[in-house]
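Reader: I should like to learn how features of a structure are read. Please begin with a single residue and then proceed to pairs of residues.

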Amino acid sequence: LMTWPVVSVGSCQDGVAGARLRMRQSLRWPCEAIMGPWANEYQQEAEANAIEFDVEILRWFDLHLKGQSTGVMQEPAFRYFMQDPQMNGAAITGRWLSDMMWGAGAFANQSLFLTSTGLAISKGDEQELTFSSPLAAGFGAASAQADGLARDDSAALTFDSPALAAELDIARAPVLSFDVSADAEVAQLHVRLSCISPSGEISPLSQRAMNLTQRVSRGSPSALEPKRRYLVEVKLSDMATRVPKGSKL
């Protein structure tokens, strides 16, 4: 059991944001969590909407190591950056927000359904959709570029929502639940949530790759039974993004 103060700093840009949030929720000792728009870089050197990171950390240490009153414990224990969609390498913009770990009442869950006409707010008739993507689809540095995103979409099943009537803030980790079957004992699945601007530009918001042999346990994988249907749940990476009016998911 941890019994010392912890400050956890991370980014929605990396794959371990969820681990930091789980640690923040599990600790029973003073803990501050900051999730920014940074990539893998020192926060105090980042150009993307950097906060005065060294000042923030110094205030934390001055309180917990020197006993100086800095007021840090009277401030929100969780701060995160609600980012605007980033199109074609444009500068990162957005706003800092605070919340009690995506607190109850601060957000509403919304369910969308995969249908033959795209993402919809109600279920459609059940249909079987089949596809087989190249093994490289969704992976590698090229998949993060505009032409790579379009290439990956063309090699996958895609479900687009209608254009949003108002801007939409999405926070936490999207979850996809669905029935799936494969024609082999081993199959890979890659899920991505994206924002499509009115001009057609694609901005990735959250994603996750899954080896379906690990659908129950990553430590004890089990082969698929070809043609058998499995109920699979994929939890994408934690995110905080504002999707503009007129865009599609």
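Author: Let us begin with R218, which lies in the loop between β10 (202-211) and β11 (230-235) of this predicted model.

Reader: Is R218 buried or exposed?

Author: R218 has a relative accessible area of 70%. This residue counts as exposed because the value is over 50%. R218 also belongs to a positive surface patch, together with R22, R172, R208 and K235.

Reader: How should salt bridges be read, and how many does a search of the whole structure find?

Author: Side chains of opposite charge can pair when their charged atoms come close. In this structure the search finds 13 salt bridges. One of the pairs is E56 with R59, whose closest N and O atoms are 3.7 Å apart.

Reader: Why are E56 and R59 separated by about one helical turn?

Author: Both residues are in helix α2 (residues 53-66), and they are three residues apart, so about one helical turn separates them. E56 is buried, at 15% relative accessibility, and R59 is buried at 18%. The two residues also take part in a network of salt bridges with E32, E75 and R79.

Reader: Which parts of the chain are linked by the salt bridge between R242 and D169?

Author: The closest N and O atoms of R242 and D169 are 2.6 Å apart. The pair links distant parts of the chain, for R242 is in strand β12 (residues 239-243) and D169 is in strand β7 (residues 168-172), 73 residues apart. D169 is partly exposed, at 30% relative accessibility.

Key:
Residues numbered from 1 in each chain as written. Predicted model: local features only at pLDDT ≥ 70, side-chain atom pairs only at ≥ 80, totals over all residues. Heavy atoms only, no water. Patch = residues over 30% accessible without salt bridge, like charges linked within 9 Å, V, L, I, M, F, W, Y side chains within 5 Å. Areas by Shrake-Rupley, 256 points an atom, 1.4 Å probe, with all protein chains shown as cover. Salt bridge = Lys/Arg side-chain N within 4 Å of Asp/Glu carboxyl O. Lys, Arg positive; Asp, Glu negative; His and termini not counted. Charge placed at Lys NZ, Arg CZ, Asp CG, Glu CD. Helix = DSSP H or I, 4+ residues; strand = E, 2+ residues; numbered from the N terminus. Buried < 20%, exposed > 50% of the residue type's maximum accessible area, 1.4 Å probe, protein only.
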